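Student: Could we go through this model together? I would like to see how each label follows from its value.

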Amino acid sequence: MDRSRTLNEKLALKILANEGIEAIWRLHAGAADAYQNGCLTAAASVIEIVEAAEEMLLQAKEPTGLDIA
């Protein structure tokens with residue numbers, strides 16, 4: 001794994017590799033639950049990881065994208 005990646009990117013890659021693309025929806029739902037329960041910092045942290053995962057998926061679909069497998 002590239003050392004220049006952020007922690008959120010590393011977590012996103014690991015989640016995508018282990019859980020697949022459906023993990024993105026589950027993370028969004030978890031962030032919403034955390035937000036509704038008043039855990040705003042946790043919700044924001046999860047959203048940052050989800051956004052990193054979504055960005056990596058978009059990059060992977062580009063001709064010069066990342067290999068997430």
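Student: Why are α1 and α3 called roughly perpendicular to each other?
Tutor: Start with the angle: in this predicted model, the axes of α1 and α3 cross at roughly 70 degrees. Angles from 65 to 115 degrees count as roughly perpendicular, and therefore α1 and α3 get that label. Their axes come within 8 Å, and the crossing is right-handed.

Student: Which residues of α1 and α3 meet?
Tutor: From α1 come Asn-8, Glu-9, Leu-11, Ala-12, Leu-13, Ile-15 and Leu-16. They meet Glu-48, Ile-49, Ala-52, Ala-53, Met-56 and Leu-57 of α3. By class, this contact of α1 with α3 has ten nonpolar, one polar and two charged residues.

Student: What makes Glu-9 partly exposed?
Tutor: Glu-9, found in helix α1, has a relative accessibility of 27%. Buried would need a value under 20%, and exposed a value over 50%. Glu-9 lies in between, so partly exposed is the right term.

Student: Which residues does Glu-9 contact, leaving aside its neighbours within four places in sequence?
Tutor: Glu-9 is in contact with Ala-52 and Met-56. Glu-9 and Met-56 are 47 residues apart along the chain, while their C-alpha atoms are separated by 8.0 Å.

Student: Is Leu-13 buried or exposed, and how do you know?
Tutor: Leu-13 also lies in helix α1, and its relative accessible area is 9%. The cut-off for buried is under 20%, so Leu-13 counts as buried. The C-alpha atoms of Leu-13 and Ile-49 are separated by 9.5 Å, with their positions 36 residues apart along the chain.

Student: Which residues make up the largest nonpolar core?
Tutor: There are ten of them: Ala-12, Leu-13, Leu-16, Ile-24, Ile-49, Val-50, Ala-52, Ala-53, Met-56 and Leu-57. α1 and α3 each supply at least two residues of this core. The largest share, six residues, comes from α3.

Student: What makes a set of residues like this a nonpolar core?
Tutor: The residues have to be buried, of a listed nonpolar kind, and joined through side-chain atoms within 4.5 Å. Leu-13 shows the burial part, with its relative accessible area of 9%. Ala-12 is another member of the core. Not counting residues up to four places away in sequence, Ala-12 touches Ile-49, Ala-52, Ala-53 and Met-56.

Student: Now the next pair: why is α2 called roughly antiparallel to α3?
Tutor: Helix α2 covers residues 22-36 and helix α3 covers residues 40-61, and they pack at an angle of about 160 degrees. Angles over 145 degrees count as roughly antiparallel, which makes α2 roughly antiparallel to α3. Their axes are 8 Å apart, and the crossing of α2 and α3 is left-handed.

Student: Which residues of α2 make this contact with α3?
Tutor: On the α2 side they are Ile-24, Leu-27, His-28, Ala-31, Ala-34 and Tyr-35. The α3 side includes Val-46, Ile-47, Val-50 and Leu-57. By class, the contact of α2 with α3 has 13 nonpolar, one polar and one charged residues.

Student: And what makes α1 oblique to α2?
Tutor: Helix α1, residues 7-19, packs against α2 at an angle of about 120 degrees, with their axes 8 Å apart. The roughly perpendicular range stops at 115 degrees, and roughly antiparallel begins over 145. The angle falls between those limits, so α1 is oblique to α2. Here Ile-15, Leu-16 and Glu-19 in α1 meet Glu-22, Ala-23, Ile-24, Arg-26 and Leu-27 in α2. The residues of this contact divide into five nonpolar, no polar and three charged.

Student: How do you know which exposure class Ala-44 belongs to?
Tutor: Ala-44 has its place in helix α3, and its relative accessible area is 38%. That is neither under 20% nor over 50%, so Ala-44 is partly exposed. Ala-44 and Ala-34 are ten residues apart in sequence and 9.0 Å apart in space, C-alpha to C-alpha.

Student: What does the whole chain come to?
Tutor: Its secondary structure comes to three helices and zero strands, and the elements run α-α-α from the N terminus on. Of its 69 residues, 22% count as buried.

Key
Residues are numbered from 1 along each chain as its sequence is written. This is a predicted model: local features need pLDDT of at least 70, side-chain atom pairs count only at pLDDT 80 or more; totals for chains, interfaces and linings use all residues. Side-chain values use heavy atoms; hydrogens and water are left out. Axes are lines fitted to C-alpha atoms, for helices over the stretch in contact, and angles run from 0 to 180 degrees between N-to-C directions. Helices (H or I, at least four residues) and strands (E, at least two) are DSSP runs, numbered from the N terminus. Angles under 35 degrees count as roughly parallel, over 145 as roughly antiparallel, 65 to 115 as roughly perpendicular and the rest as oblique. A crossing is left-handed if the near helix is turned anticlockwise from the far one by less than a right angle, and right-handed if clockwise. Contact means heavy atoms within 4.5 Å. Ala, Val, Leu, Ile, Met, Phe, Trp, Tyr, Cys and Pro count as nonpolar, Asp, Glu, Lys and Arg as charged, and the others, Gly among them, as polar. Buried means under 20% relative accessible area, exposed over 50%, partly exposed in between (1.4 Å probe, protein chains only).
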